[in-house]
Amino acid sequence: MATRILVVDDDPVSLKLVTTILKQANYETLTATSGAEVLSRLDELRPDLVISDVEMPGMNGYELTRQLRQHPLTAQLPIMILTAHDNVQEKIRGFEAGADEYMIKPFDPSELQARVRVLLRRTMVTPPSEAQKISGKVIAVFSLRGGVGTSTVAANVAVGLAQLWNCRVGLIDLSLTTGQSALLLNLPLRKTWADLARVSVNDIDADLIEKVCLNHSSGVFVLAAPSRPEHAELITNDKVARVIETLKEHHHYLVLDLPHDFSATTLAGLDHADEILLLLAPELASVHAAACALDVFDTLKYPRNIIRLVLNWTFERRGLARREIEEALQRPIDVVLPFVSDTFVMAINRGIPPILESPPTPLGALFEDWAYILSKPEHQKQPPAQPSPMYQRVAARLAQRQAKR
Ligand SMILES: Nc1ncnc2c1ncn2[C@@H]1O[C@H](COP(=O)(O)OP(=O)(O)OP(=O)(O)O)[C@@H](O)[C@H]1O
Ligand SMILES: [Mg+2]
């Protein structure tokens, strides 16, 4: 059955434009011209997703969203607000009302289609039952020096894994006092680690964690850092361990966005890692921090083969050469991220990680390929039954590279 998208707008031109774009992507469209009409026809409409304008006579789009969230038929429905209001306050109002996505008019047709696709994907990903427990792979992203791209890499890798395998991926922000994972994905801080602060370790179970995670339309579940640093103190290392061990049973991948220290909570994260991405920028202090981190990893007896070095050009010029860094650290660098200032600034302002940029950019491709490399062997061995566009791009590049060899 085709996916049914309900478009709500009092302006006939806008209604026509949006429905035409959606039909081009093979969605079935339904229309309504007011919030009251939607609510009176809910039983009959049964949409899979709602796209609503804001300014409409009678009930505005925010009020409609609020009402839909209170109705059992539509409480979990993906809702996108589509509006000409382009300021942050309006956006926050939309999210507070319960919208999952906020898009500004005018927009590019392909962007609307892409956002609808990722928003729908979220509802397709259903939690595994007791019998389907999995053993998730834990990927820790770490650096002893701040500002080297730890959170950026963690968010993009998490989104990449969710999109490649259409599976549940958890992104756990362990930068408990300053974390910004939710911000990078444009998720309002409705729920955070702070909601687990006063719960005893033994009471933390899969259901509770699920309730305090934010859902991103890519299929990533984010456990966000508290919005107030003082709440961080109540998150202890045993809670961190409990959350990771519980989430591992329900997510194919967990990505940890770690702070720049060896605190007890950081160590609880690192101890669970199947793979550690150690980030550094091409400057002396950063190389020194990486050397210290590697020393500590050795002391902690982490196997060397789980550590991958990621050199991130967070500045434009005059950095240390790759070879010099490799000699200093006595280890090869696994991946190099180029300096791409504008892309990241835009990504943060729009809350869209570069890996979801449409059309895909070279940086997006790099993250996509990296997510593939970090995937479990069981995933890499067998193409997904319904390959996502991202998987198809990665597979095509892989085939191209193999043909060249
Ligand atoms: N390759 C790059 N080119 C340009 N800018 C980059 C690059 N990588 C990261 N940045 C920018 O550097 C800043 C720091 O990135 P990010 O927040 O991901 O790092 P972090 O290590 O998590 O920092 P924090 O110390 O805040 O935890 C951000 O503004 C990001 O956009
Ligand atoms: Mg960070």
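Student: Where is the place of Asn26?
Tutor: This is a predicted model, in which local features need pLDDT of at least 70, side-chain atom pairs count only at pLDDT 80 or more, and totals for chains, interfaces and linings use all residues; side-chain values use heavy atoms, leaving out hydrogens and water. Residues are numbered from 1 along each chain as its sequence is written, while chains are lettered from A and ligands numbered from 1 in the order in which they are written. Helices (H or I, at least four residues) and strands (E, at least two) are DSSP runs, numbered from the N terminus. Asn26 is in the loop between helix 1 (12–24) and strand 2 (28–32).

Student: What is the phi of Asn26?
Tutor: Asn26 is not a glycine. Still, its phi is positive, at about 70°.

Student: What is the order of the open sheet of 5 strands?
Tutor: Two strands pair if DSSP finds at least two bridges between them. In this sheet the pairing is parallel. The order is 2-1-3-4-5.

Student: Which strands of that sheet stand at the edges?
Tutor: An edge strand here has a single partner strand, so one side of it is left without a neighbour in the sheet. The twist averages 20° from one strand to the next. The edges are strand 2 and strand 5.

Student: Which residue stands opposite Leu6?
Tutor: Strand 1 (residues 4–8) pairs with strand 2 in the parallel sense, over 5 bridges. Opposite Leu6, in strand 2, stands Leu30.

Student: Why is one side of strand 8 and of strand 13 left without a neighbour?
Tutor: Both belong to an open sheet of 8 strands with mixed pairing, in the order 8-9-7-10-6-11-12-13. Strand 8 (214–215) and strand 13 (335–337) stand at its edges, so each has just a single partner strand.

Student: Which residue of strand 10 stands opposite Val169?
Tutor: Strand 7 (residues 169–173) and strand 10 (residues 253–257) run parallel and pair over 5 bridges. The residue opposite Val169 is Tyr253.

Student: What angle does the direction of helix 16 make with that of strand 13?
Tutor: Helix 16 (residues 362–373) packs on the sheet, touching strand 11 (275–280), strand 12 (307–312) and strand 13. Contact means heavy atoms within 4.5 Å. Axes are lines fitted to C-alpha atoms, for helices over the stretch in contact, and angles run from 0 to 180 degrees between N-to-C directions. The angle is about 155°.

Student: What is omega for the cis peptide bond that joins Ser358 and Pro359?
Tutor: Pro359 lies in the loop between helix 15 and helix 16. The bond's omega is about 0°.

Student: How far from ligand 1 is an N or O atom in the side chain of His260?
Tutor: His260 is one of the residues that come nearest to ligand 1 (near: a heavy atom within 4 Å). A polar contact is a pair of N or O atoms within 3.5 Å. For Ser151, a side-chain atom is 2.8 Å from a ligand oxygen. For His260, the distance to a ligand oxygen is 2.7 Å.

Student: Which elements give two or more residues to the shell around ligand 1?
Tutor: The protein covers 78% of the 630 Å² of accessible area that ligand 1 has on its own (Shrake-Rupley, 1.4 Å probe). The elements are helix 7 (150–165) and helix 15 (341–350).

Methods: A polar contact is a pair of N or O atoms within 3.5 Å; within protein, one must be able to donate a hydrogen and the other to accept it, and residues adjacent in sequence count only if both atoms are side-chain atoms.
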